[in-house]
Amino acid sequence: MGKTILEMKDITKLFPGVKALSDVNIQVMDDEIHALVGENGAGKSTLMNVLSGVYPYGTYTGDVIYNGNECRFKGIKDSEKVGIAIIHQELALVPYLSIGENIFLGNERKKFGTIDWDETHHKTDALLKSVGLKESSQTLIKNIGVGKQQLVEIAKALSKDVRLLILDEPTAALNEEESQHLLDLLLRLKSEGVTSIIISHKIREVEYVADRITIIRDGQTIETLTKGVDNVTEDRIISGMVGREMVDRFPKRVPKIGEVTFEVKDWNVFHPIYDEKQVIKDVSFNIRKGEVVGIAGLMGAGRTELALSLFGKAYGAKIKGKIFIDGKEKDIGNVRAAIDNGMAYVTEDRKSAGLVLMESIAKNITLAKLDKTSKHGILDKEKELKDAEQYRGELNIKTPSVLQLVRNLSGGNQQKVLLSKWIYAEPEVMILDEPTRGIDVGAKYEIYTIINRLAAEGKSVLMISSELPEILGMCDRVYVMYEGSMVAELSSEEASQETIMKHILQASRRAQ
């Protein structure tokens, strides 16, 4: 190990009514990848926002010492000047600008007072090559996927001569191949002298890439583990994060499965813009009362597109096929019809499509079923608060008040609000699309418990997840999708990671 490049001493940060950080300490060496782990709301992002100047000097107490010098950053520009760059979970790229324009936005290459486009594109192409991207510097951001956008953010940081790179949940929205590429890039950058701090909930990725791991719980430092010195295991990290040992990652459930309540036959969907491209091909499946059915598949298999097209044709064109609920064929032509027929869709993108972040918890919970809190078109605010308070208790939403804005909640608590919203609508069929994306192991367990409760109440649950252990640990049956088609149906006894991947590979060979 080299010398200490960063030391944060006794960092305390207060928000109204909340002590987010309490005397947190962390040391980072100049030749390492340092992981920061903890539950949602533990204070990880807050600590990194202090470091990068998002929360300026004076809004916290404690010392930030970088390269031996005490730092009093007033904003991000100050931290960038000394070689610190932060990449947030929500990427800060402008979709309708080119890659080159984004990389040098606010840091433009100039010649005689005007932008030097030749230098901009030349330097961008070199930066893209360094992070393994083959795209042109003139490609618009909107035309590349999230995985490549993450690499553009890293290229942008490198353009500012970054020496300490902070990444907040960099692989949350990436598939396995993209995640592996990004982690390998961090290892390569380390060999080139770039130190990284990575915030992640994915323990296996942390074990793969990190030299040292600092665990934070409830705004306090628990311990720092060193690979090759300490006994660094998944169980030890999780125990430190949640404050207890988790013997079972998935809560036990004794299934009580009844008759088929939801059935899809010969479902076909075409792309909403490129209507010659078929996205879903002759899909048929069913779910029984009290059953949790999983859909597994690689990114791009069409799982989300299938779910959205079923939920009131919220996605797609030229949709054909039949939906049966309790044995009766239903014409579900829009989202309102889907809700009225007892369906709910919990989106994978809670912040953009699932919640109104600038509204209160109470308003979000009651949003999908306003007729329960209104009479003759007039909102009963007292009932709205009373009902929201009930769900706050039942789903253990950690907040001082249901009047709290949803944007101020941790990811896990936001997910509970989203689930509350749809449970409040009293559906019989729940479609859960990546229900635990971006939340920690403790919050995941609570979400799993809620899912089990829904099944025990007789709901039919369709669960889409990119995490195979989650599918295997939660589902009674598993369907496997590949390129818009169902290629296998497996019982819980038949399903394993190897079996699922075998069916995907077989489908891939047939398609060649």
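Here are some notes on a predicted model, going through a few helices, a set of paired strands and some salt bridges.

1. Start with helix α13, which covers residues 381-394. It has 14 residues and reaches 20 Å from its first C-alpha to its last, close to the 20 Å expected at 1.5 Å a residue. Just ahead of the helix, aspartate 380 caps the N-terminal end, with a side-chain oxygen 3.2 Å from the backbone nitrogen of glutamate 382. Just past the other end, asparagine 396 has a positive phi of about 55°.

2. Which residues of α13 are buried? They are Glu384, Asp387, Ala388 and Tyr391. These four cover an arc of only 100° around the axis, so they sit on the same side of α13. The partners for that buried set are α12 (361-366), β20 (378-379) and α14 (411-424). Look at the face turned away from the buried side and you find the exposed residues Glu382, Lys386 and Gly393.

3. Aspartate 387 deserves its own look, as an acidic residue of α13. Its relative accessibility is 7%, so it counts as buried, the cut-off being under 20%. Leaving aside residues up to four places away in sequence, aspartate 387 touches Thr373 and Tyr424.

4. Two salt bridges involve α13. Within the helix, arginine 392 pairs with glutamate 389, and the closest N and O atoms are 2.5 Å apart. The two are three residues apart in α13, which means about one helical turn separates them. Both ends are partly exposed: arginine 392 has a relative accessible area of 22%, and glutamate 389 has 35%.

5. The other one leaves the helix. Arginine 453 forms a salt bridge with glutamate 394, the closest N and O atoms being 4.0 Å apart. Arginine 453 belongs to helix α15 and glutamate 394 to α13, so this pair ties together parts that are 59 residues apart in sequence. If you check the distance on screen, bear in mind that the cut-off for a salt bridge is within 4 Å. Arginine 453 is partly exposed at 28% relative accessibility, and glutamate 394 is partly exposed at 41%.

6. Now to arginine 350, in helix α11 (residues 350-354). Is this arginine buried or exposed? With a relative accessible area of 10%, arginine 350 is buried. Not counting residues up to four places away in sequence, its contacts are Leu355, Gly411, Gln414, Gln415, Leu418, Arg437, Gly438 and Ile439.

7. Arg437 turns up in that contact list, and arginine 437 also forms a salt bridge with glutamate 348, where the closest N and O atoms are 2.9 Å apart. This pair links distant parts of the chain, 89 residues apart: glutamate 348 is in the loop between β18 (343-346) and α11, while arginine 437 is in the loop between β21 (429-433) and α15 (441-456). Glutamate 348 is partly exposed, at 26% relative accessibility.

8. For the wider count, a search of the whole structure finds 24 salt bridges. One group worth pulling up in the viewer is the network of salt bridges that links Glu291, Arg477 and Glu489.

9. Strand β11 (residues 212-217) is mostly covered, with five of its six residues buried. What does β11 pair with? Strand β3 (residues 33-37) runs parallel to β11 and is joined to it by four bridges, with leucine 36 opposite threonine 214. Strand β12 (residues 220-226) pairs with β11 in the antiparallel sense over six bridges, and there isoleucine 215 stands opposite glutamate 223. The hairpin of β11 and β12 has two residues between the strands, and in it aspartate 218 takes a positive phi near 50°.

10. Last, helix α1 (residues 44-52). Why call α1 largely enclosed by the rest of the structure? Because eight of its nine residues are buried. The buried ones are Lys44, Thr46, Leu47, Met48, Asn49, Val50, Leu51 and Ser52. After α1 comes glycine 53, with a positive phi near 90°.

How values were computed:
Residues are numbered from 1 along each chain as its sequence is written. This is a predicted model: local features need pLDDT of at least 70, side-chain atom pairs count only at pLDDT 80 or more; totals for chains, interfaces and linings use all residues. Side-chain values use heavy atoms; hydrogens and water are left out. The expected span of a helix is 1.5 Å times one less than its number of residues. Buried means under 20% relative accessible area, exposed over 50%, partly exposed in between (1.4 Å probe, protein chains only). The arc is that of the directions from the helix axis to the C-beta atoms. Contact means heavy atoms within 4.5 Å. A polar contact is a pair of N or O atoms within 3.5 Å; within protein, one must be able to donate a hydrogen and the other to accept it, and residues adjacent in sequence count only if both atoms are side-chain atoms. Two strands pair if DSSP finds at least two bridges between them. A salt bridge is a side-chain nitrogen of Lys or Arg within 4 Å of a carboxyl oxygen of Asp or Glu.
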